[in-house]
Amino acid sequence: MLNLESLLKRFEHLLPPPHAELDWSAPAFRWRKKVALGTSVGWLEAIHQPHRIRLDDLQNVGPQKAEIERNTRQFVQGRLANNVLLTGARGTGKSSLVKAVLHQFAAQGLRLVEVDKDDLCDLADIVALLAPRPERFIVFCDDLSFEEGEGGYKALKSVLDGSVAAQSSNVLIYATSNRRHLLPEYFDENLKTRHVDGEIHPADAVEEKISLSERFGLWLSFYPFSQDEYLAAARHWLAEFGLRHWDETLEREALNWALGRGSRSGRVAWQFARDRAGRQG
């Protein structure tokens, strides 16, 4: 018969690392979860080498860049700042912008905590864990969207501003999404809009969907790149990868690359430049 010590060793790999081992000097963290013995256990995992990108690397998003940098600077300096929702076209720099402000302000005590959408139900526990710390934390939810009835929706709504407890002063939520209102919208919901004394009153379902996005104090919208903007981004990344020469052949290759992917964006420009620089080397 197995003794207690042997039994514990069998299940040791299922357990999270002790909180005492967490290195708070790491610039970023990821919320991890395991189900052990029928119980869900979550913990923070330090990320010592996050994706490093500079604000100067992000092209064609000047107004959005200025706004998120200003908001984050206020936050790092201990002044009032807003939660941020970044929405719009794919590949235009939404998540990269969040990573860039981490790179910009990490030396001043900013930390980033990445939380998957499926783990948003733990958001209150995560905030409670971060609240006593002296650092300033951005809780980052990438590619956020919800279907009807998902539990994470109400958890996020509560932490943003609907709970009886005040939001921690050292935590902000930054989220990216392709949906402005984070929930699917249906045509028949617009048919239920009411007119009362000349005023337009959206249906209750629409109001509920708008209410979550409105809890983000700062909205930043991103749009598809024009051809010139895409080519400017491709030239920038080629120069970053050591290829400073630009001619009509490279321009044609960059346009064909975007055509093959059905998109002109900063991400596609970055992918083209990596491929071209890799073949050159």
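Q: Which residue's side chain meets that of aspartate 57 in a salt bridge?
A: A quick heads-up: this is a predicted model, where local features need pLDDT of at least 70 and side-chain atom pairs count only at pLDDT 80 or more, while totals for chains, interfaces and linings use all residues. Residues are numbered from 1 along each chain as its sequence is written, and side-chain values use heavy atoms, with hydrogens and water left out. A salt bridge here is a side-chain nitrogen of Lys or Arg within 4 Å of a carboxyl oxygen of Asp or Glu. Aspartate 57 fits that at 2.7 Å, N to O, and its partner is arginine 54.

Q: Is aspartate 57 buried, partly exposed or exposed?
A: Buried means under 20% relative accessible area, exposed over 50%, and partly exposed in between, using a 1.4 Å probe and protein chains only. Its partner arginine 54 comes out at 36%, so arginine 54 counts as partly exposed. Aspartate 57 sits at 6% relative accessibility, so the verdict there is buried.

Q: How many salt bridges does a search of the whole structure find?
A: Some of them join up: Arg30, Arg32, Glu45 and Glu114 are linked in a network. Searching the whole structure, the count of salt bridges is eleven.

Q: How far apart in sequence are arginine 73 and glutamate 69, the salt-bridge partners in helix 2?
A: Helices are DSSP runs of H or I with at least four residues, strands are runs of E with at least two, and both are numbered from the N terminus. The closest N and O atoms of arginine 73 and glutamate 69 are 3.1 Å apart. They are separated by about one helical turn because their spacing in helix 2 is four residues.

Q: Which residue does glutamate 67 bridge to?
A: The closest N and O atoms of this pair are 3.1 Å apart. Both partners lie in helix 2, three residues apart, about one turn of the helix. Glutamate 67 has a relative accessible area of 30%, so glutamate 67 is partly exposed. Its partner is arginine 70.

Q: Which side chain of opposite charge is nearest to lysine 65?
A: Lysine 65 lies in helix 2, residues 62–76, and is buried yet has no salt bridge. For charge, Lys and Arg count as positive and Asp and Glu as negative, with His and the chain ends not counted. Contact means heavy atoms within 4.5 Å, and leaving aside neighbours within four places in sequence, lysine 65 is in contact with residues including Leu55, Leu58 and Leu97. The nearest opposite charge is 5.0 Å away, on aspartate 56.

Q: What is the distance between the end C-alpha atoms of helix 9?
A: The expected span of a helix is 1.5 Å times one less than its number of residues. Helix 9 covers residues 248–261, 14 residues in total, so it should span 20 Å. The model agrees, with its end C-alpha atoms apart by 20 Å.

Q: How wide an arc do the buried residues of helix 9 cover?
A: The buried residues in helix 9 are Leu250, Ala254, Trp257 and Ala258. They are on the same side of helix 9 because the arc they cover around the axis, taken from the directions from the helix axis to the C-beta atoms, is only 95°.

Q: Which helices do the buried residues of helix 9 pack against?
A: The face turned away from the buried side carries the exposed residues Glu248, Leu259 and Gly260. The buried residues pack against helix 8 (227–240) and helix 10 (266–280).

Q: What is the phi of asparagine 60?
A: Most residues other than glycine have a negative phi. Asparagine 60 lies in the loop between strand 2 (39–47) and helix 2, and its relative accessible area of 33% means that asparagine 60 is partly exposed. Its phi is positive, near 65°.

Q: How far apart in space are histidine 48 and phenylalanine 29, C-alpha to C-alpha?
A: Histidine 48 lies in the loop between strand 2 and helix 2. Not counting residues up to four places away in sequence, histidine 48 touches Asp23, Ala26 and Pro27. Histidine 48 and phenylalanine 29 are 19 residues apart in sequence, and their C-alpha distance is 8.3 Å.
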